[in-house]
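Me: I'd like to learn how to read a sheet and the core beside it. Could you take me through one example, step by step?

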Amino acid sequence: MENLTNQVLELESGKQYFVIRQASYKGTTYFLAAEITPDGEDFTNNFVFFENIEVNGESRVKEVKDQAILEVLAKNIKLD
């Protein structure tokens, strides 16, 4: 998996997220991302952890909902 830190992810919904940090936990890649405003000029107050998944050989992301994983990621991903 290439490093997507400082890259923009665009979801199928059209929402865009700026990747702040990327981390690996138990062999899975996760991203901490900030939602970008619709005009593309700023960030909202919505921060999301995404999990990288493979679908038909393509990389996709899905929002992390598992509370235990969220706690581990929040505790260990440092924002310098």
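Me: How many bridges join E1 to E2, and do these strands run parallel or antiparallel?

Reply: Happy to help, and keep in mind that this is a predicted model. Strands count as paired once at least two bridges link them. Here E1 and E2 are joined by three bridges and run antiparallel. To see the pair up close, find Leu9, which stands opposite Tyr17 in E2.

Me: In what order do the five strands form the sheet?

Reply: Follow the pairing from one strand to the next. The order is E1-E2-E3-E4-E5, in an open sheet with antiparallel pairing. Strand E1 (8–10) and strand E5 (58–63) are the edges, each pairing on one side only. On average, neighbouring strands are turned by 45° against each other, direction ignored.

Me: Where does helix H1 lie relative to the strands?

Reply: Look at residues 67–76: helix H1 lies across E2, E3 and E4, and runs at about 115° to E4.

Me: And which residues make up the largest nonpolar core?

Reply: A core is traced through buried nonpolar residues whose side-chain atoms come within 4.5 Å. This one has eight residues: Leu4, Leu9, Tyr17, Val19, Phe31, Ala33, Val48 and Phe50. Strands E2 (16–25), E3 (28–36) and E4 (43–55) each supply at least two of them. Apart from it lies another core of six residues, including Tyr30, Phe49, Leu73 and Ile77.

Me: What is Phe50 in contact with, leaving aside its neighbours within four places in sequence?

Reply: Among its partners are Leu9, Tyr17, Phe31 and Ala33, which also belong to the largest core. Phe50 also contacts Tyr30, a member of the other core.

Notes. Residues numbered from 1 in each chain as written. Predicted model: local features only at pLDDT ≥ 70, side-chain atom pairs only at ≥ 80, totals over all residues. Heavy atoms only, no water. Buried < 20%, exposed > 50% of the residue type's maximum accessible area, 1.4 Å probe, protein only. Helix = DSSP H or I, 4+ residues; strand = E, 2+ residues; numbered from the N terminus. Contact = heavy atoms within 4.5 Å. Axes fitted to C-alpha atoms, helices over the stretch in contact; angles between N-to-C directions.
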